[in-house]
2 protein chains.
Amino acid sequence: MTVMQTTAGTLARNATSTDICSAPPRRHPRPDGQDRYTISEVVAFTGLTAHTLRWYERIGLMSHIDRSHTGQRRYSNRDLDWLDFVGKLRMTGMPVADMVRYAELVREGESTYPDRRQLLESTRRDVLARIAELQDTLAVLDRKISFYGDAGRARETEST
Amino acid sequence: MTVMQTTAGTLARNATSTDICSAPPRRHPRPDGQDRYTISEVVAFTGLTAHTLRWYERIGLMSHIDRSHTGQRRYSNRDLDWLDFVGKLRMTGMPVADMVRYAELVREGESTYPDRRQLLESTRRDVLARIAELQDTLAVLDRKISFYGDAGRARETEST
DNA sequence: TATGACCTTGGAGTGCACTCCAAGCAAGCG
DNA sequence: CGCTTGCTTGGAGTGCACTCCAAGGTCATA
């Protein structure tokens, strides 16, 4: 355990260091203690839809969200951090099923550290490969763009 | 704009410069003249399935493929180049519908150069953005991996 | 207390990009 | 000639990741 990340003057010491581990330097909408966001607030913060948030919970991508006395969801800063991380994983192209697998590992506790690490390292390799592919693609695009070259000068002054 | 990237001594002069424009330095399986590949050969070269190849043709992502006297498809080196490029576009996350749009522009001839250029430039911007996102994700992964750190050392010696 | 915005659920529907199927034609081989 | 393998077609099916719906309960404001 023992988080310890000395990332300069981050006022982020917010991670309770239980499970989410090294928290990103994210500024939460409200400080810990008042972090009981409704689903629509989370929609506003994350850009996900309420449908998607409920669906994430149903499939086990999020552990059970805290509820108000009448059964409405109340998300915490921790949940926001998790959603943030899930967003990153999603960007890597990782299938949701694999993210659920990771979430399960997290729920199982510290004993799954090696598995989690392996999963992340394999993801890391995928990301590196994808970046390489994209850079390759970029080269192709540049070649074609320069071929079409000044032919495109005529119209469209708002090209940026 | 004016891209201008002087990428060393590109020996690429093979493009007939009709439509596909600046062809990538791809070595074709057979030289021009003997390039009448069956669908299963193209499957072997590209990794796509025969289903997908036929489907690409049906939706207009490929212009009509040459046929043998009995009606079987015979792909040319040019078709292979196009599939190569389509593969690149696909990697950028461009929806198939947009690729079809590009294919239509190509079919319409030189008059669409400006539109094609614009489309590619917008794609280029998307690619750059995606690379940036991925690099961001990489940083997050690295942070987490180093958190899980040596906890994962125990088993699995084949980590690479 | 009533109006309207917000929240709940299970289950069904959507859009994308394939992916497969059945029925049938064609070529090569013993 | 029959057999196998490969190719053809239109249309239907699949899997993923949402996305929406209907029917109803909750909450803040007038």
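I started with B:Arg67 in this predicted model: an N or O atom of the B:Arg67 side chain sits 3.2 Å from a phosphate oxygen of DNA strand D. I count that as a polar contact, meaning a pair of N or O atoms within 3.5 Å.

Next I checked B:Arg73, where the side-chain N or O atom is 2.5 Å from a phosphate oxygen of strand D. B:Arg58 goes to a base instead: one of its polar side-chain atoms lies 3.2 Å from a base nitrogen of DNA strand D.

Then I asked which elements give two or more residues to the surface near DNA strand D. They are α2 (50–58) of chain A, plus α1 and α2 (50–58) of chain B; helices here are DSSP runs of H or I, at least four residues, numbered from the N terminus. α2(A) gives the most, with 4 residues. "Near" means a heavy atom within 4 Å.

I noted 18 residues around strand D, with A:His51, A:Thr70, B:Ser40, B:Arg54 and B:Arg73 coming nearest. Of the strand D atoms within 4 Å of the protein, 76% belong to sugar or phosphate, the rest to bases.

Last, I looked at B:Pro29, in the segment before α1 (39–46) of chain B. B:Pro29 counts as partly exposed because its relative accessibility is 35%, between the 20% and 50% limits (1.4 Å probe, protein chains only). Leaving out residues up to four places away in sequence, B:Pro29 touches B:Tyr37, B:Phe45, B:Asn77 and B:Leu80 (heavy atoms within 4.5 Å).

For my own bookkeeping, residues are numbered from 1 along each chain as its sequence is written, and chains are lettered from A in the order written. Local features need pLDDT of at least 70 and side-chain atom pairs 80 or more, while totals for chains, interfaces and linings use all residues; side-chain values use heavy atoms, without hydrogens and water.

Note on methods: Polar contact = N/O pair within 3.5 Å; in protein donor to acceptor, adjacent residues only side chain to side chain.
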